[in-house]
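Colleague: I am new to this structure and would like a close look at a single part of it, the pockets and what surrounds them. Please go slowly and explain the terms as they come up.

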Amino acid sequence: MKHIFSVLIAFAVLGLQSSFSQTVAPFEDDDRAVFLGNSITDGGHYHSYIWLYYMTRFPYMNLEVMNAGIGGNTAADMYERLDGDVFGKRPTVLMVTFGMNDTGYTEYNGENAEKYAEDRYKECKRNFEKIEKRLLGLEGVRIVMIGGSPYDETAKIDGNTPLIGKNAVMDRIVALQKEAADRNGWEFIDFSKPLVEIAGRMQAEDPAFTLTMGDRIHPDNDGHMAMAYLFLKAQGFAGKKVAAVEINADDGSVVSAENCTVSALKKDRKEISFDYLAGSLPYPMDTVSRGWGSKRAQAEAEKLVPFVEEMNQEILKVTGLEGEYKLYIDDQLIGTWDAEELAEGINMAEITWTPQYQQALEVMYLNEWRWELERNFRDFAWMQYGFLKPRGLLDANDRRAVEAIDEGKAKDVWAGIHRDNYAKLMHRNVREARLDEIRLLSDRMYEINKPVSHRIMLKKK
């Protein structure tokens, strides 16, 4: 039934898929991929989910993915922090997305909505043109423009009246980004249109459904996984398997082995076994909702996009059997399948208790821990650029800064929320110790993400 459901999803988004081609080159060894954006990047997971794909699918690649989002940012705010906060990360690939805050919030349902929308668009365009000039001055940096996730005007959410027309202005900004990409030879991917299509499909069944956490703005974890899927699809990974092996039990031969090696194959009347070394790990899907305000888990993206069907297939196929067989991996019972199911092929990437999936989970949990620590630095950056820089205290990191926060926090709730984090990270040794933790986690992930050999055995029941 689960396989049938996945196929139905695949057909439901066939139009979405057919409109996609590889528009973003895959990351390369030693790339430093920086994602510049607003709160959707700052507090979101899509970039972390993308990195997890690379860590599990390309275990010998050295890649670093960095969050350069700050909540509340417009293109103007991003321009002001390019040197210290963005270029300082030394990107080799820079993803750029904006638009949610640029388009404003307050006047779309008022009498001057049309003028308000036009003014916001023009202001955004002027600010982006300043960013564009700076980006054109970079050497050795690939630029990827990302049309951001949409504002959800169509969900029926109690107590939240939609701002009608806001998303149309955001679409104009996406078009602006696309034009700049075409003009400058940059790469481009649009999240907006595909996510609107996905939301529409889900809302046809449940009018209250929203990809966001209920505020119409910030995607939930499943929405971020859908964004990661769209990005990876644009990089050309649809159809790329974790691994696939086919065994002919009749003659005890290896018919095919994709991204894996098979050796020491043995068979008798009741058993067939072999050593299996995959070139990748399955992609682990988190079943816990994580992050401020989230309600749904990453794994719930399976209802939205055909990620498992297209990008997370670790196939074991064995023909020439009769009856039912128990599958063991490293002497651990994994489950029971009949000969027909095994001849069709089972997807081990969906079986969470295989040793290889458990290994991938360790990488996922370490990556999530790394994400949490990185978020501390994004909150620190918000305080630096969003609160202290306008007061002439950027990088002050002293008593004056703390006093300014204490004076201003009554009027700025976020300053009060981030005060404690700032008071810690304003100290150089604390920052360095925190960065050492992030480096340690990244190093450990790249130590434990290497696939190991497993003994696979099918034993007749």
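Modeller: The largest pocket has a volume of about 880 Å³. On a 1 Å grid over the protein atoms alone, a pocket is an open set of points with protein on both sides within 12 Å along at least five of seven lines, a cavity is a set of points where a 1.4 Å probe fits but cannot get out, and lining residues have an atom within 4 Å of a point. Grid points are joined across faces, edges and corners, and a volume is the space filled by probe spheres set on the points.

Before going further, please keep in mind that this is a predicted model, in which local features need pLDDT of at least 70 and side-chain atom pairs count only at pLDDT 80 or more, while totals for chains, interfaces and linings use all residues. Residues are numbered from 1 along each chain as its sequence is written, and side-chain values use heavy atoms, with hydrogens and water left out. The pLDDT is the predictor's confidence in each residue, from 0 to 100; its mean over the protein chain is 95, and 96% of the residues reach 70 or more. Over residues 1-19, however, the pLDDT is below 50, although this stretch has 25 contacts in the model beyond near neighbours in sequence, a contact being heavy atoms within 4.5 Å.

Returning to the largest pocket, 33 residues line it, and those closest to its centre are Glu64, Met66, Lys89, Phe377 and Leu435. Strand 2, helix 6 (82-86), helix 13 (355-388) and helix 16 (428-448) each supply at least two residues of this lining, and helix 16 gives the most, with 9 residues. Here helices (H or I, at least four residues) and strands (E, at least two) are DSSP runs, numbered from the N terminus. By class, the lining of the largest pocket has 11 nonpolar, 7 polar and 15 charged residues, where Ala, Val, Leu, Ile, Met, Phe, Trp, Tyr, Cys and Pro count as nonpolar, Asp, Glu, Lys and Arg as charged, and the others, Gly among them, as polar.

The second largest pocket has a volume of about 660 Å³, and of the 29 residues that line it, Ser39, Gly43, Trp292, Arg375 and Trp414 lie nearest its centre. Two or more of its lining residues come from each of helix 3 (39-42), helix 10 (221-234), helix 13 and helix 15 (413-425), with helix 13 giving the most, at 4 residues. This lining divides into 10 nonpolar, 13 polar and 6 charged residues.

Beside these open spaces, a search of the whole structure finds 4 cavities of 30 Å³ or more. The largest cavity has a volume of about 100 Å³, and of the 14 residues that line it, the closest to its centre are Asn38, Ile40, Thr97, Gly148 and Ser149. Its lining consists of 8 nonpolar residues, 6 polar ones and no charged ones.

Strand 2 leads on to another residue worth a look, for Thr74 is in the loop between strand 2 (64-69) and helix 5 (75-80). Thr74 counts as buried because its relative accessible area is 16%, and buried means under 20%, exposed over 50% and partly exposed in between, with a 1.4 Å probe and protein chains only. Leaving aside its neighbours within four places in sequence, Thr74 is in contact with Asn101 and Asp102.

As for strands, two of them pair if DSSP finds at least two bridges between them. Strand 3 (residues 93-96) has both faces covered, since Val93 and Met95 on one side and Leu94 and Val96 on the other are all buried. Strand 3 pairs in the parallel sense with strand 1 (residues 32-37) over 4 bridges, Val93 being the bridge partner of Ala33. Strand 3 also pairs in the parallel sense with strand 4 (residues 142-147), again over 4 bridges, and there Leu94 stands opposite Ile143.

Finally, helix 13, which contributes to both pocket linings, is followed by a loop that reaches to helix 14 (399-408) and holds Asn397. Asn397 has a positive phi of about 50 degrees although it is not a glycine, whereas most residues other than glycine have a negative phi.
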